[in-house]
Amino acid sequence: MKKPAIIEIPYREPACLFAPHANKPFALFLDSSRRDDKQGRYSYIALDPVKTITSPKNLFATLKETCANYPFERHAGLPPFQGGWMGYFGYELLHQIENIPQQNGDDFACPDVALGFYETVAAFDHHQEKGWIFSLSGLETAQTLKDALSQAYTTPVFSPVELDWTSDFSKENYIATVQKVIEYIHAGDIFQANLTQRFRADLPHAFDCYDLYQNLRTINPAPFSAYLNFEGFSIASSSPERFIKTDGRDVETCPIKGTRPRGDTKQADQALAFELKNSEKDRAENTMIVDLLRNDISKVCAPHSVQVPELCEVHSFASVHHLISTVTGKLKEGYDSIDLLKACFPGGSITGAPKVRAMAIISELEACPRGPYCGAIGYIGADGTMDTNIVIRTLIFKDDRVCAQVGGGIVSDSQPEAEYQETLDKAHALFTAFTQGAS
């Protein structure tokens, strides 16, 4: 098999290199803005796809067919994505997989899927401080992208703005809806469901969404950050959560369940982390989703290969502590990344358990479709390598407006008032990105 053409380029901050291209259709930036983490090593810039998908018809077959037409193997020891599909899979794609009633009336309606196939990508290894351009179509196109990324840029100066956020739930209605979820649990329908609320706000005229993203990535760095610009809308994500990664036949998923805010002092911060680590409720919630994911990846993984090397470990981010587990496995012969994605989508940490019934209850109780939120952003390389996030801590910009959706897992002993407060803690970092310039 062939390998992509390759050009080494000087290492520079990819967020700045992307800035002159941020408003181009299908200009995509997968950004490891938190780099002191084993998950946040690589960033990628992709421009000018040779093929796009915004309609999910026959999606998984189309993805497989395209990758089969590019018989490449990647350069070992370099960033794993060296050309292929990049973009997002929206939560509503679930309706292609399960028979769940579909909601109407999304005022931020976006395609269920927006993907580009990129023969040429720029990749950056932040540990080695090196950069490369990979091209499936030869050195000439690699040089074209290198020239494009040589454009001059200026460091942004973000001007804070005050937005008037409104939610599709009042506090009273959200708490009442949490209680309905608890009633479903007591009735034996489910063990857990993830309930969310959406905040909306109008933006000032000529608001620069990418400037805002650069502020967000500084205030709230995360290993799976991303800025995706499409035709008529854009997405800024600061997600801390990996959905699914494949490398060869190795599979990894890292569900998050359990959250505490960061403390104002070192002592208070450590106390909150200790409280989370030892919370029976949060550990039970996390373990339920670990079991769900073990079941999901077992559909396409070899017998006895599924393991849980890390269970309920505290990871601390800029604004919150999270409980994170790691589940691993090995793909069966004859199965690939796209089969794995279909078997696991959407991620169990943002549905609940049992998964199908939880998704039906979510569709009944939430005020609007989730759109890209709670789907996945990432890549599927032409060689089958895949890495995706869970689309949380994410802003969607459309028609001079912005929306942010936040939620949490509800279990039998959830306290509705505390669940409401948890959603506000998660929303805080997103709101702060508008009102506070990064220092």
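**Group meeting: the overall fold, helix H2 and some unusual backbone positions**

Let me begin with the contacts in the protein chain (contact meaning heavy atoms within 4.5 Å): among those between residues at least 6 apart in sequence, 77% join residues at least 24 apart. What you have in front of you is a predicted model, in which local features need pLDDT of at least 70 and side-chain atom pairs count only at pLDDT 80 or more, while totals for chains, interfaces and linings use all residues. Residues are numbered from 1 along each chain as its sequence is written, and side-chain values use heavy atoms, with hydrogens and water left out.

The protein chain has 10 helices and 22 strands, these being DSSP runs numbered from the N terminus, with helices (H or I) of at least four residues and strands (E) of at least two. Its radius of gyration is 21 Å, close to the 22 Å that the globule rule gives for 439 residues, so the chain is as compact as a globular protein of that length; the radius is taken over C-alpha atoms, and the rule is 2.2 Å times the number of residues to the power 0.38. Of the 439 residues, 59% count as buried, where buried means under 20% relative accessible area, exposed over 50%, and partly exposed in between, with a 1.4 Å probe and protein chains only.

Turning to helix H2, residues 59–68, its buried residues are Leu59, Phe60, Leu63, Thr66 and Cys67. Seen down the axis of H2, these fall within an arc of 130 degrees, so they line one face of the helix; the arc is that of the directions from the helix axis to the C-beta atoms. The face of H2 turned away from that buried side carries the exposed residues Glu65 and Ala68. What covers the buried residues of H2 includes strands E4 (51–53), E5 (84–89), E6 (113–118) and E19 (376–381), together with helix H8 (337–344).

H8 also leads us to the backbone: in the loop between H8 and strand E18 (352–353) lies proline 346, joined to phenylalanine 345 by a cis peptide bond with omega about -15 degrees. A cis peptide bond also joins alanine 353 and proline 354, with omega about -10 degrees, and proline 354 sits in the loop between E18 and helix H9 (355–365).

Finally, cysteine 374, in the loop between H9 and E19, has a positive phi of about 70 degrees although it is not a glycine, and at 0% relative accessibility cysteine 374 counts as buried. Arginine 393, in the loop between strands E20 (386–389) and E21 (394–398), likewise has a positive phi, near 50 degrees, and at 9% relative accessibility arginine 393 counts as buried.
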